[in-house]
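Hi there,

Here is the structure we talked about, ready for you to open. My notes on what turned up follow right below it.

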Amino acid sequence: MDQHKPVAASEDRRDAPAGEAPGRVTPMMEQYVEIRAANPDCLLFYRMGDFYELFFDDAVTASRALGITLTRRGKHLGEDISMCGVPIHAADDYLQKLIALGYRVAVCEQTEDPAEARRRGGKSVVRRAVTRLVTPGTITEERLLEAGRNNFLAALVRTSTSSGAPEHALAWVDISTGEFRTADAGAGGTAALLARVEPREVLVADRLAAEAEVRSAVDQIGAALTPLPAAYFDGGSAETRLCGFFEVKSLEAFGNFTRAELIAGAALLAYVEKTQVSKRPRLEPPRRDLPSDHMRLDAATRANLELFRTISGSRSGSLLAAIDRTCTAAGARLLAERLASPLCDPGAIERRLESVQLFVNRPALRADVRVALAAVPDTVRALSRLGLDRGGPRDLDSIRAGLEAGRSIQRRLVGEQIAPGHPLTPLAAELAQAGDTLAENLAEALDAELPLLKRDGGFVRRGFRGELDAVRALRDESRRVIAALQARYAEACGIKGLKIRHNNMLGYFVEVGAGHAPALAGEPGGVAFFHRQTMAGAMRFSTAELAELEQEISGAAERALAIELRVFDELAGAVAAAEAGIRACAAALAELDVAAGLAELAVAEEYVRPRIDGSSAFRIEGGRHPIVEQALKRSGQRFVGNDSDLGASADGIAVDPAPGSATETEASGGPGKVWLITGPNMAGKSTFLRQNALVAILAQAGSFVPARAAHIGVCDAVFSRVGAADDLARGRSTFMVEMVETAAILNQAGPRALVILDEIGRGTATFDGLSIAWAAIEHLHEVNRCRTLFATHYHELTGLAAKLPRLVNATMRVKEWKGDVVFLHEVVPGAADRSYGIQVAKLAGLPSSVVRRARQVLDSLERSDRSRPRLTVDDLPLFASRASEPTEAAPHPALAALAAINPDELSPKEALERLYELKRLGG
Ligand code: ADP
Ligand code: MG
């Protein structure tokens, strides 16, 4: 039946389900309890007239979560029934809140007209049924979805092949767009794959859901974990289910799926059917994704590099926010997907870059295309709502607008004479694949102003269907007759304030002030008024004539709506028939949007096209940090570009090789260099490290990069870690996190990886930390042999260059000026001679007495340093300090440090760091 059919409120929410003697259960409560029991893990939205009501514990939970009033209504088995409700028209907003808070909601509708229930007998309850489960991974409403991001539902499967080998797979689907993918996750790859896909909801078998590792991987990406019974993951029926859904005999045409992938895909379909209550969304056939095609980026690296959100969780300030110049929601989603999964195949990357290049080269084309794109609505999401019978007139109009824009851009592209082999050429054909008739038909049928819901009617354009125009004329005519009737009655009764009104309960009625009522009793003007209702200050009447008119009017309105709904279904049917063409057009538009958007970015921010190949080169000239650069720009400051060269060749930072010539070692993919960056705090070490990782990711995603020139041999993985990340909230010591993550890199980074380690070892005592950093560098140099950037404040490590041939020392240039440091943010060869910590502390506003004292301590330390071998226990700062200055009358350094602390100004993390420091100072 039609979901949107209006159901009149006859069971008034105010007096149900109340009023029974204690111990007795009303028929409605009986129905409620039964439906509630069938949906145990959801909040139940129980439809009553124009409200969704929640009862019992649901009411308590929802009223708290939504901040709405909790009331009580009657008793159930002697207990008060808690209740709260949300009005239908605002239900989406409440749903969105609940979903965001991690709840699942079962939406229970009235499935018959209350009049039908009354016909069955006085006590009959309106039939109701759950028409849909709303879960984070299965939403389709525009208002519940984020426009620029996919909303993936994923299923995670672990099984074994016939030979007993373990098999891992992830399948994911966005029912709001129809995308459907599967991937063989490989043994250790599940977490990284989850981090890449970032589903909102992950389905797993009960058994898997109990495993801590699975829980933590799902938790890390902030997704909802939905455990399901084993029956959902039945290997025997998986293929049949998939074939059945896509109406094919075999899945071979779609790809060569593993058993685990089939099970994951089938579990998704079963769950989608369950939540959509047997409505079938339109999905694209599953596409197999090969994780090896994509750069591997684990969750920690993604978080660390702030690809999609900053460490503090905000979208603005992320890499995506900095580079997104797309004009459409679908374009934004495609860009996000590309950034989440950079490619490894130089040829495929080149094709993307070539598309960007064309739009860089042709600014007029870029501008025209972007103007046309700005008018493109979210076609695929409209298509999906229509497919689930949840669409409205505006969704039809979205299809129209999308097709029209596709056609106009296609004409523009054809006029451009793009070379036949160019990657943009096939897109032009796809833009026009749906043909023109559907768009023309939609344009003729739909009015300019459209209601959200089809049941509101009034969306079919006048002149489109003669039958409808005739009924509408009749309806409008009757309205005029009512107005005339009101004037006539007012005149006949001599009551100026007489009004003919309408409501859902009474229909049309005559209303007069209570004082005038007697005048109507005497059949004024020969009209017989019969009484209908007495209100506080008014009386309501009807007449035979009015009742007849009412019949005519409501009949006409009903007929008009019926015709409109028929037109809607015809149009939706035409859309369904043209689905493939609509999808092709939408996909081509999204691709153009990404290419033109990246070109816009490249021109506006002065990015260059990177050279990408299969070598092991990594040479960036004048590289910049895309996010920091834009932030500085906003405050009128300039970012200082820096070079890096991590390729296998022997050329160091200052060497300028012939343009375009990869040296032989690079080409043969020899081991990469390890750059060790030293320099004071705030000099720009972390920024430099990250910018190199971001340049690699941008380049392999198919974007131009913030640099003067860049040559990158594809990186199959990027790992990025920062020492002593603050992870107290998750209950692990920061140092433990640091070591777990460092271990992951040392164990996993292959020769094609790019590794960024920022102050690893900072989270523990000096010598521990130094030793760990030391050993990690040796391991990276000797075993991983990958391209590496390592920032450290342990100057002792620079000595490693003597032993490790591919270790390059680089440092951040600083200038000292009248006792202050000036950061030049320039990376230069060599080691930092000192850390300027005291100068930085002074800049930070440490009391001058402390700064003075620190200088004294440092002087003595430096003096003692020269007389002792490096890296002995005697180097521990305070032993040395005490030994050399036993008679110094100043207070103990721990006391001095204590005095310098202002507890009110410390963050919890800083407080903890101070505590460690004091402990160390105290010996
Ligand atoms: P470090 O890791 O050495 O302590 P950061 O990388 O955190 O230093 O940089 C500190 C600040 O310096 C950054 O927030 C940024 O504002 C500025 N900065 C860093 N690198 C540059 C640069 N290349 N050009 C201009 N400003 C920079
Ligand atoms: Mg830093």
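One convention before the notes: Ala, Val, Leu, Ile, Met, Phe, Trp, Tyr, Cys and Pro count as nonpolar, while Asp, Glu, Lys and Arg count as charged and the others, Gly among them, as polar. Please also keep in mind that this is a predicted model.

**The largest cavity**

By that convention, the lining of the largest cavity divides into seven nonpolar residues, two polar ones and one charged. If you would like to find the place on screen, the lining is made up of Thr 328, Ala 330, Val 376, Pro 377, Asp 378, Thr 379, Val 380, Ala 586, Leu 589 and Ala 590. The volume of this cavity is about 50 Å³. Which helix gives the most to its lining? That is α22, with three residues. Helices α15 (379-387) and α22 (579-605) each supply at least two residues of this lining.

**The second largest cavity**

In total, the structure holds two cavities of 30 Å³ or more. The second largest has a volume of about 40 Å³, and the residues that line it are Ile 323, Leu 335, Arg 338, Leu 339, Leu 598, Leu 698, Ala 701 and Ser 703. Two elements, α12 (329-340) and α25, give two or more residues to this lining. The most comes from α12, with three residues. Sorted by type, the lining of the second largest cavity has six nonpolar residues, one polar and one charged.

**The ligand site**

Now to ligand 1, which has 14 residues around it. Those that come nearest are Val 640, Met 682, Lys 685, Ser 686 and Thr 687. The shell divides into six nonpolar, six polar and two charged residues. Helix α25 (residues 685-701) gives the most to this shell, with three residues.

Three polar contacts to oxygen atoms of the ligand may interest you:

- Thr 687 places a polar side-chain atom 2.5 Å from an oxygen atom of ligand 1.
- Met 682 has a backbone N or O atom 2.6 Å from an oxygen atom of ligand 1.
- Gly 684 has a polar backbone atom 3.0 Å from an oxygen atom of ligand 1.

How much of the ligand does the protein bury? Taken alone, ligand 1 exposes 560 Å², and the protein buries 80% of that.

**Salt bridges**

Finally, the structure holds 56 salt bridges. One of them joins the side chains of Arg 366 and Glu 600, with an N to O distance of 2.9 Å. Arg 366 sits in helix α14 (residues 363-373) and Glu 600 in helix α22, so this pair ties together parts that are 234 residues apart in sequence. You have already met α22 above, as the helix that gives the most to the lining of the largest cavity.

Happy browsing, and do write back with any questions.

Best wishes

Notes. Residues are numbered from 1 along each chain as its sequence is written. Chains are lettered from A and ligands numbered from 1 in the order in which they are written. This is a predicted model: local features need pLDDT of at least 70, side-chain atom pairs count only at pLDDT 80 or more; totals for chains, interfaces and linings use all residues. Side-chain values use heavy atoms; hydrogens and water are left out. A residue is near a molecule or strand if one of its heavy atoms lies within 4 Å of it. A polar contact is a pair of N or O atoms within 3.5 Å; within protein, one must be able to donate a hydrogen and the other to accept it, and residues adjacent in sequence count only if both atoms are side-chain atoms. Accessible areas come from the Shrake-Rupley method with a 1.4 Å probe; for residues, only the protein chains shown count as cover. Helices (H or I, at least four residues) and strands (E, at least two) are DSSP runs, numbered from the N terminus. On a 1 Å grid over the protein atoms alone, a cavity is a set of points where a 1.4 Å probe fits but cannot get out, and a pocket is an open set with protein on both sides within 12 Å along at least five of seven lines; lining residues have an atom within 4 Å of a point. Grid points are joined across faces, edges and corners, and a volume is the space filled by probe spheres set on the points. A salt bridge is a side-chain nitrogen of Lys or Arg within 4 Å of a carboxyl oxygen of Asp or Glu.
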